Amino acid sequence: MQNLKKLPPLNWLRSFESAARLQSFTLAADELHMTQGAISQHIRSLESHFKTSLFIRHARKIELTEEGLSYLTVVQAAIQRLEVATNEIFGEGHRRQIKIKGSIAFFTYWLNARRLGEFSQENPDINLQFNTDIWMREEDIKADMEIRWGKGQWTGVNAVRLSYDTLFPVCSPRVADSLPLQQVSDLKHHHLLHVMGYQEGWGEWLKFAGATDINASEGVQFDTYACVLNLVESGFGVALGRLSLVEDQLRTGKLIAPFSARLQSSEDFYLIFPQTGFTNPYARRFAEWLVKHAVGGKLTE
């Protein structure tokens, strides 16, 4: 198999694209702030590299050969993609971008389409980048800010509380219609959905509610709360709802809370940011908005 030729230098390709588009070595030199001789040398080097003529040179003009015309399409597409990518990564929008790392459940069910739409409408100049993670336990901050759940006892960072959660069973209305859920003991007839990693689970809530005849270890376990809520909304099983993550679904009727017993959670969601504060003013604006809408408070450092 014949080896492919090495990619020619980018400056040769830039000179070729400009000369071919403008149909003039002189105009290409003006556009690229080079001499006409340098443009000509780049084109000759490119033709030598491919051992193919790319231009037909007339006394007062140039025109592309068939090979040159075909190659121009490829080169222009590559340069355009490079320009787009450069702007995406290093452009003005990038300087206004903030990175938030956190729980997929929080992003999906608290920072939902309604709230995200409100923020974007109020702050059209800020670009957000969300990176999800299942376990948010590490001490070092790898973004402008993080959303962690826990007891707020991290060291070396600022931690601002975003929720005051209570735990209680939730399910789809059609689940309660298909099998009775009038008493806590009725839970033995339903699939219990568990989320690994939280301090409290079904065992703690059942004990709190005085249900001693239900095996809290039975059911299906998941490592993400978002998976559990998605299944519950679809009509499968009963899960422990965290108030901050199910209040919208309860309000709209997607979920119901069949029992009144609510257990205070020992863990909540926290906004985490560097101990030195925010260096990115756009990140601070988002953090202030987040604290205001989550707990009605003001951001303090």
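This passage walks through two helix packings, an open sheet and a salt bridge in a predicted model.

Let's start at the N-terminal end of the numbering, with helix α1 (residues 10-22) and helix α2 (residues 25-32). Their axes come within 8 Å and cross at roughly 125°. Angles over 145 degrees would count as roughly antiparallel and 65 to 115 as roughly perpendicular, so α1 and α2 end up oblique to each other. The crossing of α1 past α2 is right-handed. On the α1 side, the contact is made by R14, S15, S18, A19, R21 and L22, and these meet F25, L27, A28, E31 and L32 of α2. Sorted by class, that contact comes to six nonpolar, two polar and three charged residues.

The other helix pair is α7 (residues 113-122) with α12 (residues 281-295). Here the packing angle is about 135°, and the axes sit 12 Å apart. α7 and α12 are therefore oblique to each other, and α7 passes α12 in a right-handed crossing. As for who touches whom, α7 brings R115, E118, F119 and E122, while α12 answers with F286, W289 and H293. The class breakdown for α7 against α12 is three nonpolar, one polar and three charged residues.

Now for the strands. Five of them make up an open sheet with mixed pairing, running in the order β4-β3-β5-β12-β6. At the edges are β4 (127-132) and β6 (157-161), each of which pairs on one side only. Going from one strand to the next, the twist averages 25°.

The β6 edge is worth a separate look. Strand β6 pairs with β12 (residues 268-274) in the antiparallel sense, over five bridges. One residue pair to pick out here is N158, whose bridge partner in β12 is F273.

Side chains link β6 and β12 as well. R161 forms a salt bridge with D268, with the closest N and O atoms 2.6 Å apart. Because R161 lies in strand β6 and D268 in strand β12, this pair ties together parts that are 107 residues apart in sequence. In total, the structure holds 15 salt bridges.

Pulling the β6 story together, this edge strand is joined to β12 by antiparallel pairing, and its residue R161 also reaches D268 through a salt bridge.

Conventions: Residues numbered from 1 in each chain as written. Predicted model: local features only at pLDDT ≥ 70, side-chain atom pairs only at ≥ 80, totals over all residues. Heavy atoms only, no water. Axes fitted to C-alpha atoms, helices over the stretch in contact; angles between N-to-C directions. Helix = DSSP H or I, 4+ residues; strand = E, 2+ residues; numbered from the N terminus. Parallel < 35°, antiparallel > 145°, perpendicular 65-115°, else oblique. Left-handed = near helix turned anticlockwise from the far one by under 90°. Contact = heavy atoms within 4.5 Å. Nonpolar A, V, L, I, M, F, W, Y, C, P; charged D, E, K, R; others polar. Pairing = 2+ DSSP bridges. Salt bridge = Lys/Arg side-chain N within 4 Å of Asp/Glu carboxyl O.
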